[in-house]
Amino acid sequence: MKIDIVTAQPDIISEPLRQSIIRRASDKGVIDIRVHDLRQYATDRHKQVDDYPFGGGAGMVLKPEPIFSCIEKLQKDAEESGASVDEVIYLTPDGVTLNQKMANSLSMKKHLILLAGHYKGVDQRVRDRLITREISIGDYVLSGGELPALVLVDALVRLLPGAIGDAVSALSDSFQDELLDAPAYTRPAIYRDLEVPAVLRSGNHEAVSNWREAERLKKTMERRPDLLDG
Ligand code: SAM
């Protein structure tokens, strides 16, 4: 899978991409992630990527020209290599809220472009003309789209075959079906006065599986009964 991230703040994104599962997936060739600095597409002397909003009011707006130049170049490069970009996604609080089902479906795509906004957001003409999907990571507002882009990348990468050691692990996580995940324990079996449930040490796979299912159901009923609706 290929992901291009377009941002005016590349430094916020670059270091986290060099860590842990995302780095290992990149090293293995499972994912090819590139970060594009909008300032390199600004045409004026000061490399300005934002400007005052028409109509007045607080907050700057990301200008359309650098974004159009960058995204159209990425689309053209893809076409020239015989492929095409599947989605151009703008991370924005007024988008559709990201969930596991959406992550599962996006993880099947071959090439995504992610656009991170800043300040007041991006010029509406970018959204009208270039963006194919708008995604929010929750009902709160961050200063920029860089962290939301990283959240989306992480949610996708861990689903790609070969990205994490045990592929089954991702499939048994919360939200892959209508249940939350079961509690997890590791050694030591007794820590202070806290003991790991005996069934997990019994070696009886069927009993372990039944216990986990029961715990998942119990936790979901307590915390997220909405997931069980219907
Ligand atoms: N004026 C925008 C609004 O009220 O909807 C908020 C702009 S926000 C301060 C700046 C940028 O951060 C946005 O363009 C977006 O890229 C990103 N952002 C902030 N919160 C986000 C969220 N919950 N989900 C996705 N992106 C978010």
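Isoleucine 12, I12, counts as partly exposed in this predicted model, because its relative accessibility is 38%, which falls between the limits of 20% and 50%. I12 belongs to helix α1, which runs over residues 10-17. Setting aside the neighbours within four places in sequence, the contacts of I12 are with E146, L147 and L150. As for I67, which stands 55 residues away from I12 along the chain, the two C-alpha atoms are 18 Å apart.

Let me stay with helix α1 for a moment. Which residues of α1 are buried? They are P10, I13 and L17. These residues lie on the same side of α1, because they cover an arc of only 75 degrees around the axis. The general background is that an α-helix has 3.6 residues a turn, so residues three or four places apart point the same way. The cover over the buried residues of α1 includes strand β1 (2-7), helix α2 (20-27), strand β2 (32-37) and helix α6 (146-157).

I turn now to the charged side chains. In general, side chains of opposite charge can pair when their charged atoms come close. How many salt bridges does the structure hold? The count is 16, and I shall present some of them individually.

D32 pairs with R34 in a salt bridge, and the closest N and O atoms are 2.9 Å apart. D32 is partly exposed, because its relative accessibility is 27%. R34 is likewise placed in the partly exposed class, at 42% relative accessibility.

The next pair is E80 with K76, a salt bridge in which the closest N and O atoms are separated by 3.5 Å. Why are E80 and K76 about one helical turn apart? The reason is that they are four residues apart in helix α3, which comprises residues 64-80. E80 counts as exposed, because its relative accessibility is 60%.

The third example joins R216 and D177, whose side chains meet in a salt bridge with an N to O distance of 2.9 Å. R216 is located in helix α8 (residues 205-223), whereas D177 is in the loop between α7 (167-171) and β8 (190-191), so this pair ties together parts that are 39 residues apart in sequence. Is R216 buried or exposed? R216 is buried, because its relative accessible area is 9%, which is under the limit of 20%. Its partner D177, at 35% relative accessibility, counts as partly exposed.

Beyond these pairs, there is also a network of salt bridges, which links D94, R127 and E134.

Finally, I come to the ligand. The ligand is surrounded by 20 residues, of which the closest are Y90, L91, G117, Y140 and L142. Where do backbone atoms approach the polar atoms of the ligand? At K120, a backbone N or O atom lies 3.0 Å from a nitrogen atom of the ligand. At G144, a backbone N or O atom is 3.4 Å from an oxygen atom of the ligand. At G145, a polar backbone atom is 3.4 Å from an oxygen atom of the ligand. How much of the ligand does the protein bury? Taken alone, the ligand exposes 590 Å², and the protein buries 84% of that area.

Note on methods
Residues numbered from 1 in each chain as written. Predicted model: local features only at pLDDT ≥ 70, side-chain atom pairs only at ≥ 80, totals over all residues. Heavy atoms only, no water. Helix = DSSP H or I, 4+ residues; strand = E, 2+ residues; numbered from the N terminus. Buried < 20%, exposed > 50% of the residue type's maximum accessible area, 1.4 Å probe, protein only. Contact = heavy atoms within 4.5 Å. Salt bridge = Lys/Arg side-chain N within 4 Å of Asp/Glu carboxyl O. Near = heavy atom within 4 Å. Polar contact = N/O pair within 3.5 Å; in protein donor to acceptor, adjacent residues only side chain to side chain. Areas by Shrake-Rupley, 256 points an atom, 1.4 Å probe, with all protein chains shown as cover. Arc of directions from axis to C-beta.
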